[in-house]
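Please read the following report alongside the sequence and the three-dimensional model. It moves from single side chains to aromatic pairs and then to the chain as a whole.

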Amino acid sequence: MGKKKITNLNEEFDFKLFSIIAKKNAYWLFVILTICFTSAFLYLRYTLPIYESRGILKIGTVNTANAVLNIGSNQALEVLGSNQLAGDVELIRSRVIVSRVVGALPLDVSYYAHGKVIDHEMYLSSPFRIEYEIEDSAIFSIPFYLDFESEKVFHLRYPTHEGEKVKAFQTNVWNKVPGLKFRMTVQNWAAIQKQEINLQDEAYYFIINNSTTLVERYFKNLTVVLMNQVAQTILIKFNDNNAVKASDFVNSIMDEFNEYDRERKSEGAIKSLDFINETVAGIDVELRASEGSLEQFKKDNMIIDPRQNASEALTHINKLIEQRVEMQLQLAVMNRLERDITSDSEVESLLPFLSGSYSDGVILSIVSKIHELEDKRSNLRFIATDKNAAVISLEQDIDFQKKNLVMSIQNARLSIREKINNIDERIREFEGNFLKLPSQEAELSRLSRLFEINQKFYQLLLEKKVEFSITKAGIISNNIVLERGKPAVNPLSPNRRLVIAGSLLLGFIISFLIIFVKYLFYNEITTLDEINLYTDAALLGIIPKYKNEIPVSQLLVDKNPKSAISESFRSVRTNLQFISNEPGPKVVAITSTISGEGKTFVAINLAGVIAFSEKRVVIIDLDMRKPKIHLGFNVENTKGMSTILIGKDEADNCIRKSNLTNLDFITAGPIPPNPSELILSRKMVELVEYLKSKYDVVIIDTPPVGIVTDGVDVIQNADYPIYIIRAQYSKRMFINNLNRLIEESKVRNLAVVLNGVETSRFRYGYGYGYGYGYGYGYGYGYYDDEAKKPLTTWQAFKARLGKK
């Protein structure tokens, strides 16, 4: 036939159909939006808020004391002030800094107030304080519930080996429970009373925290991001259920990192000072001994100033002494440096001292190289393990450089000792000149020389100590806090606006998907265009939906002849002449696929409008399994077609008059056991011929062809075979029955009437252009005798929910 194949899916988008389905299922939008909004409200109500605080830190370190004192070479200062940005980022978000923050903030005890919905942590705002001494680590992370009886007495519910116990304790005194010794101090009794009134029992509880557990918990909530590598700015974010705690944590992170950075940068100066103090302690003993010997010699020999005769010789000796003191200091540094290298200590400790007191470029360069490698290794260990190939390679490079350094130190130490021996030899040459002096003066000169050597070495060490003390004080963290953390006003999560908007959007999406799926699987016929798309049958007309209650007679055309529904039946009556316009009596056979599509309703009202045209009309109820004509005319069904076809009654005895002129009817009669045989009998043909001799139009209400095939023979022989399809009720697959009647049963002139079209769609026309607000609606089925009562809005809503 060239018509489109019927499928169960809507393969092409029809906006009008989609609009009808959307309007029909609009209640789903209301239901789903209500559910989504309620879910969003409950989520916001019962979810603990998460607040985010953030701070911005600019990284950079400078040593102001070195700049003032001009200590050391540029290379040494560059190594000392080197800053690995990536390493600092990893250090800030490491457990090392988090652990320091946990120790700095009052986080050891968490205080909570019970709420009607959720509990709130009272960080820095608790009306009471707990001091404690831990006796058993098992009490960590266990809640202790409080119920205040008065400002002096409270009840504590706490766990024991036998289970939970409740006991009264006094405030401001030390109390003891298994595993814990504590003292409660009330700070705001008015706040406690207010909370106790709102919540009768156990308004508060506290938890003693384990620092290790806190570090792990807060470590997960910390985020450190490199904002700008060129500007060396770092973004620090922290999330917590308490906004004030989150801001304090961020600020403490920055403060603790700055302090840690200052301590790390000062470590070299501190170790240099330790070395100087250790050396000064040894020199101090020698200085005191030489000083005592000199003073004692002067007393014994009553000598005031014997060196005036040997001033020239002493000048040369003093210069040599100064050189020897410098060599002694360098030798001490070499010994300390070798000891640190052999004990696997970091060489950073003596680097500042070397830079200011030692001029050997080879050793200084090796020490700087080792420090640079150790710095790289420290930064790499933040992101890699000791088994990492890069870490292993650095370890090998450091070991190699340390071996070179040890060899260089040994060579330098031999050179220094050789220089000291040369200086001592020259001193002895000048001392030979004192042989001409009296023995007392020579001895005095020797003792004075020893004292001056020790004194100058001691003064040199003190000068270095002062310099490095200033250096230590001058090492400050040049990390600038660009933005300190502030308590967030609105929570990061849940975001109220986002949750509500998301729930509404989700509701719309789900509703749309439901409507779209219903549209996709929508299998009901709605328009004549759909019928025309799938069949070649003639389209006889449409009948609008009647929205008021249908009378029992189902005859509407006589109630309001000017209504749209009456006009639609007149249009069908007019269109019949295009099917067959030959003179003589006509037979109209009306059928449908299943019951409930309105064939009886159409038969009665079509007969009514034909009767209005001054033609004699008779209606035959041939649907003997489920007769309805007698209900339409409100008569008994004691006799009719079944009694006529079995020969029990004559046709004239069964013909009944209606209230409408020219309209008669024959009921189905008692339900027979064999309706098929009666319909297909010769008696049926004779009856039709007899009625044609008496009436202008014979309208036969046949059984639905989708359920039984009794009426097919009648339809084949009818002048006007009519097939009823009900809009938004009849399935698209029903058209297959229509096509089979045309193709297989060879029914000629089969025409379609679309029944029950919605008023809004009827108004758009489909070529008819009716604009009246009329229609009809009914709900009877093939096996349902009772007409349905109109439903209230609530009943219809529940019925829709049940159906869906």
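Serine 676 is placed in helix α22 (residues 675-679), where helices (H or I, at least four residues) and strands (E, at least two) are DSSP runs numbered from the N terminus. This is a predicted model, in which local features need pLDDT of at least 70 and side-chain atom pairs count only at pLDDT 80 or more, while totals for chains, interfaces and linings use all residues. Residues are numbered from 1 along each chain as its sequence is written, and side-chain values use heavy atoms, with hydrogens and water left out.

The side chain of serine 676 makes a polar contact with the side chain of arginine 625 at 3.2 Å; a polar contact is a pair of N or O atoms within 3.5 Å, of which, within protein, one must be able to donate a hydrogen and the other to accept it, and residues adjacent in sequence count only if both atoms are side-chain atoms. When neighbours within four places in sequence are left aside, serine 676 is in contact (heavy atoms within 4.5 Å) with Arg625 and Asp710.

Asparagine 209 belongs to the loop between β11 (204-208) and α8 (211-221). Its relative accessibility is 6%, so asparagine 209 counts as buried, a word that means under 20% relative accessible area, with exposed over 50% and partly exposed in between (1.4 Å probe, protein chains only). The side chain of asparagine 209 reaches the backbone oxygen of leucine 107 at 2.9 Å and makes a polar contact with the side chain of serine 110 at 2.8 Å. Beyond neighbours within four places in sequence, the residues in contact with asparagine 209 include Phe140, Leu214 and Arg217.

The aromatic residues come next. The structure holds 23 aromatic pairs, counted where rings of Phe, Tyr and Trp (its six-membered ring) have centres within 6.5 Å, with planes under 30 degrees apart called stacked, over 60 edge-to-face and the rest tilted. Two of these pairs are set out below.

| Pair | Centre to centre | Angle of planes | Class |
|---|---|---|---|
| Phenylalanine 128 and phenylalanine 148 | 5.8 Å | 55° | tilted |
| Phenylalanine 516 and tyrosine 519 | 6.5 Å | 35° | tilted |

Phenylalanine 128 lies in strand β5 (residues 128-134) and phenylalanine 148 in strand β6 (residues 143-148), so this pair ties together parts that are 20 residues apart in sequence. Both phenylalanine 128 and phenylalanine 148 are buried, and they belong to one aromatic cluster whose members include Tyr111, Phe154 and Trp189. Phenylalanine 516 and tyrosine 519, by contrast, are 3 residues apart in helix α15 (residues 496-520), and are therefore separated by about one helical turn. Phenylalanine 516 is partly exposed, with a relative accessible area of 32%, whereas tyrosine 519 is buried at 2%.

What of the nonpolar interior? In soluble globular proteins, nonpolar side chains tend to be buried together. The largest nonpolar core, a set of buried Ala, Val, Leu, Ile, Met, Phe, Trp, Tyr and Cys residues joined through side-chain atoms within 4.5 Å, has 46 residues, of which Met641, Ile666, Leu691, Ile700 and Leu754 touch the most other members. Helix α23 (residues 682-694) gives the most to this core, with 4 residues. Isoleucine 700, not counting residues up to four places away in sequence, touches Val587, Val588, Ala589, Ile590, Ile620, Leu622, Val688 and Val714.

Taken as a whole, the chain has 27 helices and 23 strands, and buried residues make up 48% of its 804 residues.
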